[in-house]
Amino acid sequence: MIESTRNYLQITRCLHISKLLESAIVTAEKSQMSYLEFLHYLLEKECSEREQRSITRRLKQARLPSMKSFDDFDFAYQQSITKKQVKNWLSFVWIEQRENIILMGPPGVGKTHIAIALCYEAVKAGYKALFHNMNDLIEALMLANLDDKMDVFLNKLSKFDLIVIDEMGYLPLNSVAANLFFRFVSHMYEYKSIVITSNRLFNEWGVTFNDNVIATAILDRLLHHAHAITMLGDSFRIKHLKQ
Ligand code: ADP
Ligand code: MG
């Protein structure tokens, strides 16, 4: 009977129940569960295992450079961003409405930390997220363009609900790169959410893109539905050096 049951469980892909079947029967007998309680217990275990696996898989896909969470963010040190604001973001209405978040400010103020934490929370909430460093993204766009595979590349990115572009503006872009980035932003516009971190303020984006016209076109799309935050203050890295 147990072997046949396990077989059915495998055919129906209830692999976790199949694994814990015997111990679950012992638990059920000990705690005198009703039939309904037993069924509920098994299905709950299966669903929570599946959810956990899905989070682990999507976290791997997100390619976060390190783990950062809002729990280990010191809001007293960085006051340009409030807990209330973060709580608002964690409702993920902005992803549902395909809005963007732009975090600007000098090095070390926590822009990347916030971007990673947003990705992590989005993944836990069931979204697909991808973290990209700006230089890596530009390199990937250039390669795709050279191979005449731009559409394939952009379609691959479209599978994500949220794409983080970290460190935009550290290196200036040539006009080919700026145009490719514009294509990327246009492709995602009103379709997917983008989070950008940058050491440059909006009025300096022309320098980054070496071209005011393209910078304006990029900004126009990114800012149309966006939450822009300028993070001020001293570098957290330097604060630690001083202590
Ligand atoms: P940025 O991207 O603005 O240059 P990071 O997010 O990389 O800065 O922050 C630099 C380091 O300091 C990281 O290790 C980050 O986790 C930490 N850090 C920055 N701000 C805070 C903060 N307010 N609370 C806790 N850690 C912080
Ligand atoms: Mg950073």
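This passage describes the sheet, the pocket and the cavity of a predicted model, together with one buried arginine.

The model contains an open sheet of five strands, arranged in the order β2-β3-β4-β1-β5. The pairing in this sheet is parallel. In general, the strands of a sheet pair through backbone hydrogen bonds, in either a parallel or an antiparallel manner. The edges are formed by β2, residues 129-133, and by β5, residues 226-230; each of these strands pairs on one side only. From one strand to the next, the twist averages 10 degrees.

The edge strand β2 is joined to β3 by five bridges, and the two strands run parallel. Within this pair, L130 is placed opposite I163 of β3. Although β2 lies at an edge of the sheet, the strand is mostly covered, with five of its five residues buried. The cover extends to both faces of β2. On one side A129, F131 and N133 are buried, and on the other side L130 and H132 are buried. Further into the strand order, β3 pairs with β4, residues 193-198, in the parallel sense over five bridges. V164 has V195 of β4 as its bridge partner.

Helices pack against these strands. Helix α7, comprising residues 134-146, packs on the sheet and touches β2 and β3. The direction of α7 makes about 95 degrees with that of β2. Helix α9, comprising residues 175-188, lies across β3 and β4, and its direction is at about 150 degrees to that of β3.

The largest pocket of the model has a volume of about 460 Å³. Its lining consists of 22 residues, of which G108, G110, T112, H113 and R237 are the closest to the centre of the pocket. At least two lining residues are supplied by each of α6 (111-124), β3 (162-168) and α12 (236-242). The greatest contribution comes from α6, which gives four residues to the lining. In chemical character, the lining of this pocket comprises eight nonpolar, seven polar and seven charged residues. Strand β3 thus supplies residues to the pocket lining and also pairs with β4 within the sheet.

An enclosed space is also present, the count being one cavity of 30 Å³ or more. The largest cavity has a volume of about 50 Å³. Its lining is made up of R98, N100, V185, M188, Y189, E190, K192, I194, R221, L222 and H225. Two or more of these residues are given by each of the elements α9 and α11 (212-224). The lining of the largest cavity divides into five nonpolar, two polar and four charged residues. Helix α9, which lies across β3 and β4, is accordingly also an element of the cavity lining.

A further feature concerns R58, which is situated in helix α3, residues 35-62. The relative accessibility of R58 is 8%, and the residue therefore counts as buried. Apart from its neighbours within four places in sequence, R58 is in contact with V123, G126, Y127 and K128. One of these partners, G126, lies 68 residues from R58 along the chain, and the C-alpha atoms of the two residues are separated by 8.5 Å. V123, another of the contacts of R58, falls within the range of α6 (111-124).

Definitions and conventions. Residues numbered from 1 in each chain as written. Chains lettered and ligands numbered in written order. Predicted model: local features only at pLDDT ≥ 70, side-chain atom pairs only at ≥ 80, totals over all residues. Heavy atoms only, no water. 1 Å grid on protein atoms, 1.4 Å probe; cavity = no way out; pocket = protein on both sides within 12 Å on 5 of 7 lines; lining within 4 Å. Points joined across faces, edges and corners; volume = space filled by probe spheres on them. Nonpolar A, V, L, I, M, F, W, Y, C, P; charged D, E, K, R; others polar. Pairing = 2+ DSSP bridges. Axes fitted to C-alpha atoms, helices over the stretch in contact; angles between N-to-C directions. Contact = heavy atoms within 4.5 Å. Buried < 20%, exposed > 50% of the residue type's maximum accessible area, 1.4 Å probe, protein only.
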